[in-house]
Amino acid sequence: MSLLSLEGVEVVREGRTILSLPRLEVREKEVLAVVGPTGAGKSTLLRVLHFLDRPEAGVLEWRGERVPWPAPLAIRRRISMTFQDPLLLSGTTYDNVFYGLHLRGHNGHDARERVMAALRLFHVEHLADQRARTLSGGEAQRTALARAVVLSPELLLLDEPFAALDAPIRKHLLEELKQAVRARGISCVYVTHEQSEAFSIADRIAVLRRGRLLQAGTPEEVLLRPLSRAVARFMQTGNILPGVVSSRTEALSEVRVGPCLLFSRTALAEGTPVDACIRREEILVEAPGEASPAPGLNRFRGTVEAVVDLGSTMQVRIDAGFAGLPAPGPHHAPRRARPLAEAWRRGPRDVLGGLRPPHSPRRKRNR
Amino acid sequence: MTGLLSSLSELLPMPGELAGILLLSLFVSGVAILVSMLVGVPAGIFLGLHRFPGRGFLVTLVNTGMGLPPVVVGLFVFLLLARSGPLGGLDLLYTPWAMVLAQVVIATPLVVGITLAAIQGLDARLHLQILSLGASTGQLYWKLVKEARLSLVAALAAGFGSIISEVGAVMMVGGNIKGQTRVMTTAIVLQTRQGEFANAIVLGTILLALALGINWLFTWVQQRQKA
């Protein structure tokens, strides 16, 4: 069921449209990750969802009922939000977490218990009496999360809450947040430009670019079946190869990419121009002398052009007669290019998952 | 120094009059700064938070008002309260309330201007964060007052300092009537005009001590909060 939905929302600032959403909904008890590059309109979207920014056009519905502007305080109080910076108020850590409850008139023993429980949840209970503005970045961010979660909101809006933190702390906090949200059944909109964060927390992902919704779907849909080249790029597909459907059978579409033929299960009419999207991790590189697995489609011979050492893995660029394809090298690969050269092929999945017609009506509908 | 002491001893036999002048000064400026804060702080917060057509003009007005010549204020308040003026019927001219009104006009732009600067000095997203925690408009304004309280104490000190030491406007609208509208500054002017320089110096010293004491109190409150 839809908790909060937007319809025909347009936000214009200084003559420039910064958000234009025909439709987007946040479902009950789901985590919707909103991803996109800087300037995509992600933060504006959150402010609109929290009724802090008034859109120039459009309708917002809370549980199916249209919300007037200004939004009633009762509805705003069912939502809480954290910003990219913790934005802690003066006073102690405890004061900060208590403030939202105080605004709602909860001042008794029960409120104190709730504050302490929230502080414990994010492991900052020992900092309760410390002045909030003296906390470290990680502590401040935990306090900001506790301050938002203590209100038991029906919808939690998080604007890149861990952007300023180091990777290990970020990963740890993300896990804590995920558990807290799931355990309480809170709906959540999580804005990030980190693809990995989105995938680790989201039930659905919405991709925004220049204020427009490019695609919304399950992580698998967005990852494996991008509806536009921009989504494919943002999902770090790695290989986006323009081609044409040259023929099709009942089960497979044959796509001509340069001199090569690729095979896909995506059903498309003959002559349709497409982008074949091949994720790096789906490519298997094999030297000519190695034992071959079971035979299959989508195998190409090529030459290694470059090898980039990424530490735990290696990235190999191969010219297979069309565009060079970066592929992850095997862990045991020697650090020189030559032994890897001369042959490569896709597998073990023989058929491409991502294939999209660049000018299909479906794509236009979703833009 | 001898002159000062003899002057003081001359004044001491009439402590009632001196106390009256002192209390009236404090009353007029105290009420004026209270009204200025009550009007100026919300106005400064509003200007700091909202963008609307004509805001730039209003900010320019406030900035101009911060340097308003007290004599000009006195003139306009005089014309406003004069028998033939729009508020002549209230019969306020040459009363302490006329002096309060003049001082409110002088202090309010200062309070608005310093509050505006204080609000703009806070993180622009802080008010969104406060709203996102469920604050109503009133709760938001109150929280912002608390967050910007150090600067607001400065507004209080600047506003009070400007009106307790002001003479032109209160002279014009109050008239310096003995026992009714005579305050410290107008008393100093009178003593100087009469050639009673020693008395004027004593009154000036008391006024300076008063200003110093009050500002010390404001500073103490401000620094205590900072700590």
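A residue is called buried when its relative accessible area is under 20%, exposed when over 50%, and partly exposed in between. B:Phe52, with a relative accessible area of 26%, is therefore partly exposed. This structure is a predicted model, and the paragraphs below go from its aromatic pairs to a contact between chains, a buried threonine and the largest pocket.

Over all chains, a search of the whole structure finds six aromatic pairs. One of them is formed by B:Phe27 and B:Trp97, whose ring centres lie 5.6 Å apart; because their planes stand at 80°, this pair is edge-to-face. The cut-off that matters here is 60 degrees, over which planes count as edge-to-face. The pair joins distant parts of the chain: B:Phe27 belongs to helix H2 (residues 15-49) of chain B and B:Trp97 to helix H5 (residues 96-121) of chain B, 70 residues apart. B:Phe27 has a relative accessibility of 38% and so counts as partly exposed. B:Trp97, at 46%, is also in the partly exposed class.

B:Phe52 has a ring partner as well. The centres of the B:Phe46 and B:Phe52 rings are 5.5 Å apart, and with the planes at 40° the pair is tilted. An angle of this kind falls between the limits of 30 degrees for stacked and 60 for edge-to-face. B:Phe46 is partly exposed, because its relative accessibility is 39%.

An aromatic ring also takes part in a contact between the chains. The charged end of B:Lys143 sits over the ring of A:Tyr99, at 4.5 Å from the ring centre.

In chain A, A:Thr44 lies in helix H1 (residues 42-49). Its relative accessible area is 8%, so A:Thr44 is buried. Leaving aside residues up to four places away in sequence, A:Thr44 touches A:Val11, A:Ile18, A:Leu19 and A:Asp53.

A:Asp53 appears again in the largest pocket, which holds about 1100 Å³ of space. This pocket is lined by 36 residues, and those closest to its centre are A:Leu52, A:Asp53, B:Leu49, B:His127 and B:Leu128. Chain A gives two or more residues to the lining from each of H1 and helix H2 (73-76), and chain B does so from H2, H5, helix H6 (126-132) and helix H7 (137-147). Sorted by class, the lining has 18 nonpolar, eight polar and ten charged residues.

Definitions and conventions. Residues are numbered from 1 along each chain as its sequence is written. Chains are lettered from A and ligands numbered from 1 in the order in which they are written. This is a predicted model: local features need pLDDT of at least 70, side-chain atom pairs count only at pLDDT 80 or more; totals for chains, interfaces and linings use all residues. Side-chain values use heavy atoms; hydrogens and water are left out. Rings of Phe, Tyr and Trp (its six-membered ring) pair if their centres lie within 6.5 Å; planes under 30 degrees apart count as stacked, over 60 as edge-to-face and the rest as tilted. Helices (H or I, at least four residues) and strands (E, at least two) are DSSP runs, numbered from the N terminus. Buried means under 20% relative accessible area, exposed over 50%, partly exposed in between (1.4 Å probe, protein chains only). A charge sits over a ring if NZ of Lys or CZ of Arg is within 6 Å of the ring centre and within 35 degrees of the ring normal. Contact means heavy atoms within 4.5 Å. On a 1 Å grid over the protein atoms alone, a cavity is a set of points where a 1.4 Å probe fits but cannot get out, and a pocket is an open set with protein on both sides within 12 Å along at least five of seven lines; lining residues have an atom within 4 Å of a point. Grid points are joined across faces, edges and corners, and a volume is the space filled by probe spheres set on the points. Ala, Val, Leu, Ile, Met, Phe, Trp, Tyr, Cys and Pro count as nonpolar, Asp, Glu, Lys and Arg as charged, and the others, Gly among them, as polar.
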